[in-house]
Amino acid sequence: MKKYDLIVLGGGAGGLVAAAGAASFGAKVALIDPGPLGGDCLWTGCVPTKSFIHSSKLIYTAKSAGEFGLKTEGKPEFKEAKARLERAIQTIQKHDDPQRFIDMGIDYYDGRGSFAGKHEMIIDGSEKIYGKRIVIATGARPFIPPIQGLREAGYETNETILKRSQTPKSLLVIGGGPIGLEYAQAFARFGSQVTVVEMAPSILIHDDEDCIPPIMKTLKEEGIQVFTDTEIKEISVTKEAKQVVMIHQGKEQKIAVTDILVATGRTPNIEALNLDSVGIQTERGVIVVNDRLQTTLKHVYAVGDVIGKFAFTHAAGEEGKLVVSNAVLGLRRKVNYQHLPWVTYTDPQVFHLGMTEREARQKDTKIQVYKTTLAEADRFITEQTEAGLVKVITDKRGVILGAHAVGPDAGDWMQEIVFAKRYGHKIGDLSQVIHPYPARTGALQKTADLFWRDKLFSSKITKWIARYVRWFR
Ligand SMILES: Cc1cc2nc3c(=O)[nH]c(=O)nc-3n(C[C@H](O)[C@H](O)[C@H](O)COP(=O)(O)OP(=O)(O)OC[C@H]3O[C@@H](n4cnc5c(N)ncnc54)[C@H](O)[C@@H]3O)c2cc1C
Ligand SMILES: NC(=O)c1ccc[n+]([C@@H]2O[C@H](COP(=O)([O-])OP(=O)(O)OC[C@H]3O[C@@H](n4cnc5c(N)ncnc54)[C@H](O)[C@@H]3O)[C@@H](O)[C@H]2O)c1
């Protein structure tokens, strides 16, 4: 049996970082994946969606150009958008090519692995290999809720919807999370009649409450119907359409659609791994890990969507790096999600860092909240993209607890505050950095200025300054 310092099970965002990192430190590494390498993000997640969203934005912008006198005609071609996203996948795929990992000295096993013993993995039920340490990074798949008639009616998920040859005439999106909303807006911009149904009282339930109204307003303006607090009772099929019965605010309501997209969360891929047999504990379908990312079997680590914490590519990547430190270099680093940002790539985008106002208030009653609407920031006024805001939450000394924004490309221009928070800068520091006028990040600076304004104009300092100025004159 071949022996390895580290076996990595799953070659997606988390697994590839762990495998490459371990190999770069001289560890003997085996990587097991049925291929193609790259995981959800590359093939059915971030990359195709962001390309499709960009295509839909181009179409929307072209349609809106009428107000400048430019009349556009024609129908959006889904085929062209698909060709673009395929090109993006093929270009990025080169980073995840098996040969690249083989060249790093990694042994690549093209197959599915499962535990055959505490240190042993069996690949496709035949070849066994030994790992001193093992990382599980097998990702997740769409969760399908038990809605009556859904299976029979047929539905799409993120794994299938971009494989269609045509856009849906009308689309019911079940779930108002990031997958649901990114697709809802992109398909609406491609001409589909879109309805979103969310069972929680709000869309984007993990985001700050102030971020929701501007997004709801935009979706509505673009003709997307959004039902929150709504339960789908049953779905049936007639010759013409899929008939959906839902309960909205206690009343039964019916809609008919040609297609359904299920975007109701994720289920980790753990069933085939034989975890019970080696004593790796799972809880509600996710692998239990401690803050060093060790499972209940200490030499086995787990990263990415399979641990059900933060289902983002950059989270999986950070977790993969941490496992290299702990499993290969023998350090005892702990995972820290305090400075983890995320972005929902609707247009405008929704940026999230740290605590929401509600979470912060639950921890500390003396928090400060600084808010600027984009209607107060010159750049957004010039572009007429004022639907949005910046919000920063701090403790009473100005230590950043959370930051949230809605705005065009907010994920890019809010990054400055991730750096500030990570390195312990206070909100006031952002005010003292020179920002080129009228960069979009000026909205963040304006929000930070509010900290000094509060300090200067609501304290004794103002009176002292006035006295000093009178004396100095
Ligand atoms: C539609 C969509 C859009 C998204 N957009 C974003 C975004 O914009 N930004 C962002 O940060 N995140 C985004 N995500 C989330 C991101 O894709 C995931 O968080 C990330 O891919 C998780 O990485 P992972 O390593 O845990 O799993 P994956 O990258 O999915 O990798 C898992 C790998 O394990 C392999 N595998 C499974 N079972 C076995 C087995 N038994 N043996 C061997 N190998 C196995 C699979 O083949 C796969 O290659 C999006 C997700 C979706 C679905
Ligand atoms: N831009 C990004 O970074 C990005 C984009 C897409 C996905 N992702 C990642 O993928 C994960 C999964 O995305 P997601 O949107 O599927 O999951 P999610 O858990 O974030 O949202 C799913 C939503 O579906 C709702 N829901 C569940 N069952 C329902 C039902 N029967 N009827 C109506 N609504 C129902 C939930 O209340 C929830 O609001 C996200 O949590 C995120 O981490 C990230």
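This report walks through a predicted model, from its confidence scores to its annotated spans, strands, unusual backbone spots, salt bridges and nonpolar surface patch.

Because this is a prediction, local features need pLDDT of at least 70 and side-chain atom pairs count only at pLDDT 80 or more, while totals for chains, interfaces and linings use all residues. Residues are numbered from 1 along each chain as its sequence is written, and side-chain values use heavy atoms, with hydrogens and water left out.

**Confidence.** The average pLDDT (the predictor's confidence in each residue, from 0 to 100) is 96, and 100% of the residues score at least 70. The model also scores ipTM 0.99 and pTM 0.97.

**Annotated spans.** Two domains come from an unreviewed UniProt entry; such annotations may be inferred rather than shown by experiment. "FAD/NAD(P)-binding" covers residues 4-320, a span that is 30% helix and 26% strand, with end C-alpha atoms 18 Å apart. "Pyridine nucleotide-disulphide oxidoreductase dimerisation" covers residues 341-446, which are 33% helix and 28% strand, with end C-alpha atoms 21 Å apart. Helices (H or I, at least four residues) and strands (E, at least two) are DSSP runs, numbered from the N terminus.

**A covered strand.** In a regular strand the side chains alternate between the two faces of the sheet. Strand 14 (residues 259-262) has Asp259 and Leu261 on one side and Ile260 and Val262 on the other, all of them buried; buried means under 20% relative accessible area, exposed over 50%, and partly exposed in between (1.4 Å probe, protein chains only). Strand 14 pairs in the parallel sense with strand 8 (residues 170-174) over four bridges, where pairing requires at least two bridges found by DSSP. Here isoleucine 174 stands opposite valine 262.

**Unusual backbone spots.** The peptide bond from glycine 35 to proline 36 is cis, with omega near -5°, and proline 36 sits in the loop between strand 2 (29-33) and helix 2 (39-43). Another cis bond joins aspartate 347 and proline 348, with omega about 5°; proline 348 is in the loop between strand 19 (341-344) and strand 20 (349-354). Aspartate 409, although not a glycine, has a positive phi of about 55°, and its 27% relative accessibility makes it partly exposed.

**Salt bridges.** The structure holds 22 salt bridges, each a side-chain nitrogen of Lys or Arg within 4 Å of a carboxyl oxygen of Asp or Glu. Three of them are listed here:

| Pair | Closest N and O atoms |
|---|---|
| Lysine 50 and glutamate 182 | 2.8 Å |
| Arginine 189 and glutamate 222 | 2.8 Å |
| Glutamate 383 and arginine 379 | 2.7 Å |

Lysine 50 lies in helix 3 (residues 46-64) and glutamate 182 in helix 7 (residues 178-189), so this salt bridge ties together parts that are 132 residues apart in sequence. Lysine 50 is partly exposed at 27%, whereas glutamate 182 is buried at 8%. Arginine 189 and glutamate 222 are both buried. Glutamate 383 and arginine 379 share helix 12 (residues 378-383), four residues apart, about one turn of the helix. Elsewhere, Asp208, Asp210, Glu357, Arg361, Lys371 and Lys391 are linked in a network of salt bridges.

**A nonpolar patch.** A nonpolar surface patch of about 990 Å² includes Trp452, Phe457, Ile465 and Trp471. Patch residues have over 30% relative accessible area and no salt bridge; nonpolar side chains (Val, Leu, Ile, Met, Phe, Trp, Tyr) are joined within 5 Å, like charges within 9 Å. Areas come from the Shrake-Rupley method with a 1.4 Å probe. Helix 16 (442-457) and helix 17 (460-472) each give two or more residues, and helix 17 supplies the largest share, six residues. Tryptophan 471, in helix 17, is exposed at 65% relative accessible area.

Note on methods
Chains lettered and ligands numbered in written order.
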